[in-house]
Amino acid sequence: MKLKTLFFALTMALSANAQVKLLPIFTDNMVLQQQTQAPIWGETKAGKSVVVTTSWDNVSYQSKADAKGRWQVKVKTPKAGGPFTITINDGKRVTLKNVMIGEVWICTGQSNMEMPLRGGRGWQVKNHDEEVAAAAQHPNIRLVKIDRNTNTAPLTTVTSERGGWEVCSPESAEKFSATGYFFGREIEKYQNVPVGLIMDCWGGTVAEAWTSGEALNAMPYFREQVKRLGSLPESAEERQKMYSAEVEEWNKVSAAKEAEKFSDAPTWSQPGADLSGWKDAQQPGNLGDNEFSSFDGIFWIRRTIDIPAAWAGKDLTLRLGNVDDIDQTFFNGEKVGAMVGYSLNRVYTIPGRLVKQGQATLSLRVLDTGGGAGIIGYNGKMTIACGSDERSIAGTWKVKMTLPTYDMPRLPQNTIGNPNVPTVLYNAMLAPIIPYAIKGAIWYQGEANADRAYQYRDLLPVMIRDWRHQWGYDFPFYIVQLANYMAPEKGPEESAWAELREAQVIANERTENSGLACIIDIGEANDIHPQNKQEVGRRLSLLARALTYGENIEYSGPKYKASRIAKNRMIIEFDHAESGLKAVGSRDEKGFTIAGIDHKFHPAKARITGKNTIEVWADEVDFPIAVRYGWANNPNCNIYNGEGLPMIPFRTDDWQGLTYPAQ
């Protein structure tokens, strides 16, 4: 045991003395893109010569570190194969072993791309135990996961908690992107090559966070935000001070606006305030799960508690846990704490001078900026304590909604650890790994931009072009369209999610060398994270197999092509229907609505009339001018082509126009 310990210590010491520094995308088990000039780079001492030697052709490539110690070479890669070694020598040799040559794809987006094969926040992929075990059968798939990080300027380094590339196994695949893994498994199967997958994603994030400032400057909506980011101090501490001051000023202005709207607003933190009209809610708990779910803005949350005589005059500790998103907390009308950020644990001290025997009032003024809201607690608890005497304050609280986000001054934007700031994920998670040679990218995102779908028509193509510009070539880019989600459709409805799906179609049409995987049939009403990631990965792989690798297969469901009016009916024509159209699960064609010149939509009847046509009508509409299909958050639609791929939701109208609100 002592000899093993000594050997390990010597090995670590030698590694620590090695001068060359490599990113976690350059490690044992890595995959390099086949038949290309693949960049390899790192850092050493300024001016040092670095020699990179590859075992597949025994060719050496030389570079000299610049003034900052950075160096780069481009190595010529052969056809897929391996394993090989790569030796990097700046006077102290580093050897990368078990290197494969194959196809490299980056897997990126928000939580549906981040969702692992098993575990993590209650996420479970369908048949997860069997799928995790089966990962042992795919050692030629290699996985690397980039750690979450944000920054207001482009970085040159990233980290990976797993240390770098791993051979696919139950252990490594379990926490990896399920969508990415299932996509890679299909590529390995049909191309018979090693596959490298780079997982680079963050749940709940907006597309503009994944886009560079250079690209966003082309969009007026983001120009001021990008300009502000460029003017911020480099020090996180200084940025936090600036932001805290801005939030304090915002609180004053919004409180004045509250007072204008509600005459009793100044009393809401005080004992004895009139609570008529306030509603009950259980706290801790997510207000977004009940009748408050459609409201984003300011909530007041309060309750009375009993203070025992033994506590009088003593400091108390208030433990609220997480609060979503920004709080000001009051005890008997006096502020005792304030924090910004739902991930921060609120522990506030109530000074003894405020503590008197009898009833006391706890109140929070909480700003919810979207998604969940309220007092989240810590491990489901909220307490108040005097020394070791700790008592629960969980239970029924009173809640009042006051100012919606659209009716208040614009909130200052926190750049410290906030992933939903323009450019910050591009800067910290993408820029450092560019220009690692990739075949292409798969993208599962859009939920976080659903309230700005018209903007997304421009934003997504801008982001794609930006990535291609930064990498230096127009690689394939494949998009997952949003799944069906939320309460099932009960009738014709307007839908932000339907608009976002449409924006994804338009972005695809505007972008060369891209594709769209429709999954309108495999979502879940009560879970934004569908479990059937196997089919998501498969449908993405159809795009790559057909459009990138040239297989003669169908890769898309039926797609709207054209429409015409025929008396009281509309005839709709579709592409990707060479194998014919069919209604699945019912004799009736479902999912259509139709409108006349009054623009009022009605449930429609539909009939497949040819290999690629459907006629649509409704008794209430004499002169139809528009048809929609699958136009809802969670539509009931059932048209497929012969290959079993679902029809892509569409509308023939676009009456809301092509503009979006000014910032």
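Me: Which residue forms a salt bridge with Asp 654?
Reply: This is a predicted model. In it, the closest N and O atoms of the pair are 3.1 Å apart, and a salt bridge needs a nitrogen within 4 Å of a carboxyl oxygen. The partner of Asp 654 is Arg 651.

Me: Is Arg 651 buried or exposed?
Reply: Its partner Asp 654 counts as partly exposed, at 28% relative accessibility. Arg 651 has a relative accessible area of 6%, and buried means under 20%. Arg 651 is therefore buried.

Me: Which residues are linked with Arg 651 and Asp 654 in a network of salt bridges?
Reply: Side chains of opposite charge can pair when their charged atoms come close. The network holds Arg 651 and Asp 654 together with one further Arg and one Glu. Those two are Arg 457 and Glu 502.

Me: How many residues apart in sequence are the parts that Glu 174 and Arg 118 tie together?
Reply: The side chains of Glu 174 and Arg 118 meet in a salt bridge at 2.7 Å, N to O. Glu 174 lies in helix H4 (residues 170-174), while Arg 118 is in the loop between helix H2 (111-114) and helix H3 (128-134), so the bridge ties together parts of the chain whose separation is 56 residues.

Me: Where do Asp 407 and Lys 261 lie, and how many residues apart are they?
Reply: The two side chains form a salt bridge of 3.8 Å, N to O. Asp 407 is in the loop between strand E21 (395-404) and helix H9 (424-430), and Lys 261 is in helix H8 (residues 236-261). The pair links distant parts of the chain, 146 residues apart.

Me: What is the relative accessible area of Lys 261?
Reply: Asp 407, across the salt bridge, is partly exposed at 27%. Lys 261 is also partly exposed, a class that lies between the 20% and 50% cut-offs. The relative accessible area of Lys 261 is 44%.

Me: Why is helix H10 described as largely enclosed by the rest of the structure?
Reply: H10 covers residues 453-471, and its end C-alpha atoms are 27 Å apart, in agreement with the span of 27 Å that its 19 residues should have at 1.5 Å a residue. Gly 472, with a positive phi near 95°, follows H10. The helix is largely enclosed because the number of its 19 residues that are buried is 15.

Me: How many of the 14 residues of H5 are buried?
Reply: Helix H5 (residues 178-191) reaches 20 Å from its first C-alpha to its last, close to the 20 Å expected. Its buried residues include Tyr 181, Phe 182 and Phe 183, and Arg 185, Glu 186 and Glu 188 are among them too. H5 is largely enclosed by the rest of the structure, since its buried residues number eleven.

Me: Which strand and which helix each supply at least two residues of the lining of the largest cavity?
Reply: The structure holds three cavities of 30 Å³ or more, and the largest has a volume of about 70 Å³. Its lining includes Leu 516, Ala 517, Arg 539 and Leu 542, and divides into eight nonpolar, two polar and one charged residue. The two elements are strand E24 (514-517) and helix H12 (533-548).

Me: How many charged residues are in the lining of the second largest cavity?
Reply: About 50 Å³ of space lies in this cavity. Glu 447 and Asp 527 are among its lining residues, as are Tyr 444 and Trp 497. By class the lining has seven nonpolar and two polar residues, and its charged residues number two.

Me: What are the edge strands of the open sheet with the order E29-E28-E32-E34?
Reply: The sheet has four strands with antiparallel pairing. Strand E28 (residues 592-595) pairs with E29 over three bridges, and Thr 593 has Pro 603 in E29 as its bridge partner. Pairing on one side only, the edge strands are E29 (601-603) and E34 (650-651).

Me: Where does Asp 325 lie, and what is the omega of the cis peptide bond that joins Asp 324 and Asp 325?
Reply: Most residues other than glycine have a negative phi, and most peptide bonds are trans. Asp 325 has its place in the loop between strand E13 (316-324) and strand E14 (326-331). The omega of this cis bond is about 10°.

Me: Is Thr 423 buried or exposed?
Reply: Thr 423 has a positive phi, near 80°, and sits in the loop between E21 and H9. Its relative accessibility is 4%, so Thr 423 counts as buried.

Definitions and conventions:
Residues numbered from 1 in each chain as written. Heavy atoms only, no water. Pairing = 2+ DSSP bridges. 1 Å grid on protein atoms, 1.4 Å probe; cavity = no way out; pocket = protein on both sides within 12 Å on 5 of 7 lines; lining within 4 Å. Points joined across faces, edges and corners; volume = space filled by probe spheres on them. Nonpolar A, V, L, I, M, F, W, Y, C, P; charged D, E, K, R; others polar. Expected span 1.5 Å × (residues − 1). Buried < 20%, exposed > 50% of the residue type's maximum accessible area, 1.4 Å probe, protein only.
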